[in-house]
Amino acid sequence: MTTKDGRNRADGEDDSDSGNGSNAGNAGGADERPAMAEVMRAVTSELSELLQSEPAGVSALKGTDQGWTAQVEVVEIPRIPDTTSVMASYRVDLDRKGRIVGYERTGRYARGRVER
């Protein structure tokens with residue numbers, strides 16, 4: 001089957017979501033989500049206020065039935081050289097409008113560490 005914009009989709013897949021992080025195809029507007037870029041800016045700004053630390057970046061962001069889930073990396077203990085700084089990874093849950101409803105630290109690591 002094809003979507004309204006002509007893309008192919010699997011059977012049973014909802015035609016209302018165009019896959020770009022917003023429900024722009026939803027004529028009602030009540031269920032409309034902000035764009036992913038807006039959510040990324042909002043989560044880093046709001047988490048910065050809550051933690052009193054500047055996030056280094058958003059490593060993951062995905063839409064959920066309740067809103068959004070983001071993985072945000074934060075410098076917890078800055079050190080010199082920078083590669084020895086202690087980083088923390090936070091899972092952040094957001095509502096459909098992109099506001100934080102919960103967060104939790106899921107790990108800590110040295111900034112210079114490379115996963116294998």
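**A tour from the helix into the sheet**

Select helix H1 and colour by burial: Val39, Val43, Leu47, Ser48 and Leu51 are buried. These residues lie on the same side of H1, because they cover an arc of only 160° around the axis. That arc is taken over the directions from the helix axis to the C-beta atoms. Buried means under 20% relative accessible area, exposed means over 50%, and partly exposed lies in between (1.4 Å probe, protein chains only).

What you have open is a predicted model, in which local features need pLDDT of at least 70 and side-chain atom pairs count only at pLDDT 80 or more, while totals for chains, interfaces and linings use all residues. Residues are numbered from 1 along each chain as its sequence is written, and side-chain values use heavy atoms, with hydrogens and water left out.

**Stop 1: around H1**

Stay on H1. Now turn to its other side, where Arg41 and Glu49 are exposed. The helix has 16 residues and reaches 22 Å from its first C-alpha to its last, close to the 22 Å expected at 1.5 Å a residue. The expected span is 1.5 Å times one less than the number of residues. Helices (H or I, at least four residues) and strands (E, at least two) are DSSP runs, numbered from the N terminus.

What do the buried residues of H1 pack against? Show strand S1 (55-63), S2, S3 and strand S4 (100-110): the buried residues of H1 pack against these four. Contact here means heavy atoms within 4.5 Å.

Step off the end of the helix to glutamine 52, which follows H1. It lies in the loop between H1 and S1. Its phi is near 60°, a positive value in a residue other than glycine. Glutamine 52 is exposed, with a relative accessible area of 68%.

**Stop 2: the nonpolar core**

Select Val43, Leu47, Ala70, Val72, Tyr90, Val92 and Leu94. These have the most contacts inside the largest nonpolar core, which has 14 residues. Helix H1 (36-51), strand S2 (67-77) and strand S3 (86-95) each give two or more residues to this core. A nonpolar core is a set of buried Ala, Val, Leu, Ile, Met, Phe, Trp, Tyr and Cys residues joined through side-chain atoms within 4.5 Å. In soluble globular proteins, nonpolar side chains tend to be buried together.

Centre on valine 92. Leaving aside neighbours within four places in sequence, valine 92 is in contact with Val43, Leu47, Trp68, Thr69, Ala70, Val72, Ile100, Gly102 and Tyr103.

**Stop 3: across the strands**

Hide the helix and trace the strands. Two strands pair if DSSP finds at least two bridges between them. Start at S1 and S2: they run antiparallel and are joined by seven bridges. Glycine 57 stands opposite glutamate 73 in S2. The two strands form a hairpin with three residues between them.

Next, S2 and S3 pair in the antiparallel sense over ten bridges. Here glutamine 71 stands opposite arginine 91 in S3. Both strands are mostly covered: nine of the eleven residues of S2 are buried, as are eight of the ten residues of S3.

Move on to S3 and S4, an antiparallel pair over nine bridges. Valine 92 stands opposite tyrosine 103 in S4. S3 and S4 form a hairpin with four residues between them, and glycine 98 in the turn has a positive phi of about 95°.

**Stop 4: aspartate 95**

Stay by that turn and select aspartate 95, in strand S3. Buried or exposed? Aspartate 95 is buried, with a relative accessible area of 17%.

Which backbone nitrogen does its side chain reach at 3.0 Å? That of glycine 98. A polar side-chain atom of aspartate 95 also lies 2.9 Å from the backbone nitrogen of arginine 99. A polar contact is a pair of N or O atoms within 3.5 Å; within protein, one must be able to donate a hydrogen and the other to accept it, and residues adjacent in sequence count only if both atoms are side-chain atoms.

Not counting residues up to four places away in sequence, aspartate 95 touches Gln66, Gly67, Trp68 and Val101.

**Stop 5: the cis peptide**

Last, go to the loop between S2 and S3 and select proline 81. A cis peptide bond joins isoleucine 80 to proline 81, with omega about 0°. Proline 81 counts as partly exposed, at 48% relative accessibility. Draw a C-alpha to C-alpha distance from proline 81 to glycine 112: they are 9.7 Å apart in space and 31 residues apart in sequence.
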